[in-house]
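This report describes selected features of one protein model, from its nonpolar cores and enclosed spaces to individual residues and one helix.

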Amino acid sequence: MSAGVAGVDPGVERLVKAVAAWFLDPAGGALPRAEEAALAGLGEPFNADPVMAEEARESTRLNIRHWLATMTTAPHEPVRPTLAGPIVGVAREVIRRGADHAVWMAYHVAKDEVWRLWMQRSFELEDDPAVLARALELVFQSLSSWVDTTLDELTALIEREREDYLWQSHTQRLATVTQLLDEDPADIDVAEHRLGYRLRGAHLAAVLWTVATMPDQAALMRTAHELRRRADAPQMLAVPASASSMWLWLGAHQPLNPTVLTDAFGTEPAELDAGAVRLAVGGAGIDVDGFRRSHFEAVSAQELLLRTHRVRAAAFDDIALVHLATRDAQAASAYVGRVLGELATADPDLRETVRVYVRAGLSATAAAKDLFTHRNTVLNRLHRAQQMLPQPWPTRWLEVGVALEIDHWLRPRR
């Protein structure tokens, strides 16, 4: 019996709805496996970009849930494609980078994984071979038809966009930037003309992004302009890197003053609004090498922020040590516990006082100023903290400082 034909027998409908419900149940773990399959099908370099990888997962999640909604309520009905923002966005950015086949591969690898999991669960739930055969035929035809139609409509939509001037301009700029990041340009003058940005001189790179479920390029651009204003940069290059992220370069000669990030974007751990723009900034660099290095430093800072989920903005210069020290997350966690002892679970104000004291060059006066408190309060907290440490403070202040920096940036949300 084919999909779309009325009168599916009750046994088939019962089985299809049961498997669909299982697929949607987080306890079954089926949906995340389909998401990872799509990501594997997308391939390099897209699945290595943390923001684009999350966009691909969200796209797959939305797509499969849309198909399952019909299979749960009316499995005999054909499923129309859903071209929601994240679904179109990730396909658009992959195709703009000349990897049309990667989109096709991601959909079909995910489809194969969905079909594999669906068959496995169906055989677990149904003993009647006739019901099982009819149900699997119905689902296979529905799934195949839906994926093919989705790809056809997605491709047609993006093909229409290709004719737009903004598409062509963005594609050229993204290709030029990607080449600059991978290798030295054959002609710097040509690269500068294509980008509308001087490569000879100082650069300060940043990566901006929102959550994949709420892509907002307008908000990213507003944040970019605000950062440029606060950095007093004479030129700016902003390139959308995906539906929910942007690469930014400012023609700035100095690293950003830490107060710029603190005042404008908030760099202290806190609960983030769902739609908040997040920001990672590299160090200052000169010419093409500096253009490249500052970007990769911003990406490193972004990787740490994606792990913490508690801080909106950070500069690489402030977190470079933590980035290096936490490459092995399990070892880093063990290090924090070993060095801090009871201090690791002490009052947050106590831990923060010691951290700021170390950053202030072991000056209680400077730490008190940074913490907006009295010097005697700092001294009292330091005395209490020293009693909690496993080993004497004077011989271990460097290790304690590193452990507290790791704790400050990566402590899980409660």
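A polar contact is a pair of N or O atoms within 3.5 Å, where, within protein, one atom must be able to donate a hydrogen and the other to accept it. The model examined here is predicted.

## A buried glutamate

With that definition in place, Glu35 can be considered. Glu35 belongs to helix α2, which spans residues 30-42. Its relative accessible area is 7%, so Glu35 is buried, the cut-off being under 20%. The side chain of Glu35 makes a polar contact with the side chain of Arg61, at 2.9 Å. When neighbours within four places in sequence are left aside, the contacts of Glu35 are Arg57, Thr60 and Arg61.

## Nonpolar cores

In soluble globular proteins, nonpolar side chains tend to be buried together. In this model the largest nonpolar core has 48 residues, and the members that touch the most others are Val16, Phe23, Trp67, Val94 and Trp118. At least two residues of this core come from each of α1 (10-24), α2, α3 (50-73), α4 (85-96), α5 (100-125) and α6 (129-162). The greatest contribution is that of α6, with 12 residues.

Val94 may be taken from this group for closer description. Beyond its neighbours within four places in sequence, Val94 is in contact with Leu42, Phe46, Met52, Ala99, Ala102 and Val103. Another core, of 31 residues, lies apart from the largest one, and its members include Ala191, Val207, Phe291 and Leu305.

## Enclosed and open spaces

Rolling a probe the size of a water molecule over the atoms shows where empty space is left. Across the whole structure, two cavities of 30 Å³ or more are found. The largest cavity has a volume of about 230 Å³. It is lined by 20 residues, and Ala38, Thr60, Asn63, Ala106 and Tyr107 are those nearest its centre. Two or more lining residues are given by each of α2, α3, α4, α5 and α6. The most come from α5, which gives six residues to the lining of the largest cavity. Thr60 thus appears both in the lining of this cavity and among the contacts of Glu35.

Among the pockets, the second largest holds about 490 Å³ of space. Its lining comprises 23 residues, and those closest to the centre are Pro45, Asp49, Arg97, Leu181 and Trp247. The elements that supply two or more lining residues are α3, α7 (165-182), β3 (245-250) and α11 (287-308). The largest share of this lining, six residues, comes from α7.

## Backbone features

Pro45, one of the residues closest to the centre of that pocket, is found in the loop between α2 and α3. The peptide bond from Glu44 to Pro45 is cis, with omega near 0 degrees. Two aspartates have a positive phi although they are not glycines, as tabulated below.

| Residue | Phi | Location | Relative accessible area |
|---|---|---|---|
| Asp232 | about 55 degrees | loop between α9 (217-231) and β2 (236-242) | 67%, exposed |
| Asp287 | about 60 degrees | helix α11 | 36%, partly exposed |

## Helix α15 and the Ala344 loop

Which residues of helix α15 are buried? In this helix, formed by residues 364-371, they are Ala364, Ala367 and Ala368. Seen down the axis of α15, these buried residues fall within an arc of 100 degrees, so they line one face of the helix. Thr365 and Lys369, on the other side of α15, are exposed. The packing partners of the buried residues are α14 (348-359) and α16 (375-388). After α15 comes Phe372, which has a positive phi, near 55 degrees.

Ala344 is located in the loop between α13 (329-340) and α14. Its relative accessibility is 13%, and Ala344 therefore counts as buried. Not counting residues up to four places away in sequence, Ala344 touches Arg351 and Arg411. Ala344 and Met388 are separated by 44 residues in sequence, while their C-alpha atoms are 8.9 Å apart in space.

Methods. Residues are numbered from 1 along each chain as its sequence is written. This is a predicted model: local features need pLDDT of at least 70, side-chain atom pairs count only at pLDDT 80 or more; totals for chains, interfaces and linings use all residues. Side-chain values use heavy atoms; hydrogens and water are left out. Buried means under 20% relative accessible area, exposed over 50%, partly exposed in between (1.4 Å probe, protein chains only). Helices (H or I, at least four residues) and strands (E, at least two) are DSSP runs, numbered from the N terminus. The arc is that of the directions from the helix axis to the C-beta atoms. Contact means heavy atoms within 4.5 Å. A nonpolar core is a set of buried Ala, Val, Leu, Ile, Met, Phe, Trp, Tyr and Cys residues joined through side-chain atoms within 4.5 Å. On a 1 Å grid over the protein atoms alone, a cavity is a set of points where a 1.4 Å probe fits but cannot get out, and a pocket is an open set with protein on both sides within 12 Å along at least five of seven lines; lining residues have an atom within 4 Å of a point. Grid points are joined across faces, edges and corners, and a volume is the space filled by probe spheres set on the points.
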